[in-house]
Amino acid sequence: IVATDDSMIRCAAANAGAMCMSAGRMVDELKALRRATMYRVEAAVARVNGHDIRPIQLQGRPMPTTFTKGSAIIEDKRNRSKKTRKKEVNEMTKTLEDLKKGTTSTPSWAVVPKHEGEF
């Protein structure tokens, strides 16, 4: 990319295969890129904070801190133990007594359908 207003440099760069533009256009594109980036940052911050996007006149300027005493909760989660489902696991497992008794009913996959009158 060549950004210049000099026609000799522009001609030499175009012959070499470069993309040529004026310096003013390059500055305008950089300003547009900066505005687009600022809007995306403003939209992300607004989404995280749970409020609307600020007007264009206020974007890029620091927003006054709105934290007051007691508005933020700091919680230490480093040594927290994980909760387990012991009741459900115990209800689903079989004991030794259950295994000794065995099954009293025929499982559904072992039932042979009746074929009356097919032959």
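These notes walk through a predicted model of one protein chain, from its overall layout to a few single residues.

1. **Overall layout.** The protein chain has 4 helices and 2 strands. Their order along the sequence is β-α-β-α-α-α. Both strands therefore come before the last three helices in that pattern.

2. **Burial and surface.** The protein chain has 119 residues, and buried ones make up 7% of them. Its accessible surface is about 12000 Å². Carbon and sulfur atoms account for 56% of that surface.

3. **Contacts along the sequence.** Take the contacts in the protein chain with a separation of 6 or more. Residues 24 or more positions apart supply 2% of them.

4. **Threonine 4.** This residue sits in the loop between β1 (2-3) and α1 (7-16). Is threonine 4 buried or exposed? Its relative accessible area is 15%, so threonine 4 is buried, the cut-off being under 20%. Leaving aside residues up to four places away in sequence, threonine 4 touches Ile9, Arg10, Met21, Ser22 and Ala23. There is also a link to a backbone atom: a polar atom of the threonine 4 side chain lies 3.1 Å from the backbone nitrogen of aspartate 6.

5. **Helix α2.** This helix covers residues 23-49. It has 27 residues. From first C-alpha to last, α2 reaches 39 Å, close to the 39 Å expected at 1.5 Å a residue. Glycine 50 follows α2, and its phi is positive, near 80°.

6. **Glutamate 42.** Helix α2 holds glutamate 42. Glutamate 42 counts as buried because its relative accessibility is 8%, under the 20% cut-off. Which residues does glutamate 42 touch, not counting those up to four places away in sequence? They are Ile53, Arg54, Gln59 and Gly60.

7. **Cysteines and disulfides.** How many disulfides does a search of the whole structure find? The search finds 0. A disulfide is a covalent bond between the sulfur atoms of two cysteines. For cysteine 11, the closest cysteine sulfur is in cysteine 20, at 8.8 Å, so the pair is too far apart for a bond. The cut-off is within 2.5 Å. Seen from cysteine 20, the closest cysteine sulfur is that of cysteine 11.

8. **Exposure of the two cysteines.** Cysteine 11 is partly exposed, with a relative accessible area of 46%. Cysteine 20 also counts as partly exposed, at 26% relative accessibility.

Methods. Residues are numbered from 1 along each chain as its sequence is written. This is a predicted model: local features need pLDDT of at least 70, side-chain atom pairs count only at pLDDT 80 or more; totals for chains, interfaces and linings use all residues. Side-chain values use heavy atoms; hydrogens and water are left out. Buried means under 20% relative accessible area, exposed over 50%, partly exposed in between (1.4 Å probe, protein chains only). Contact means heavy atoms within 4.5 Å. Accessible areas come from the Shrake-Rupley method with a 1.4 Å probe; for residues, only the protein chains shown count as cover. A polar contact is a pair of N or O atoms within 3.5 Å; within protein, one must be able to donate a hydrogen and the other to accept it, and residues adjacent in sequence count only if both atoms are side-chain atoms. The expected span of a helix is 1.5 Å times one less than its number of residues.
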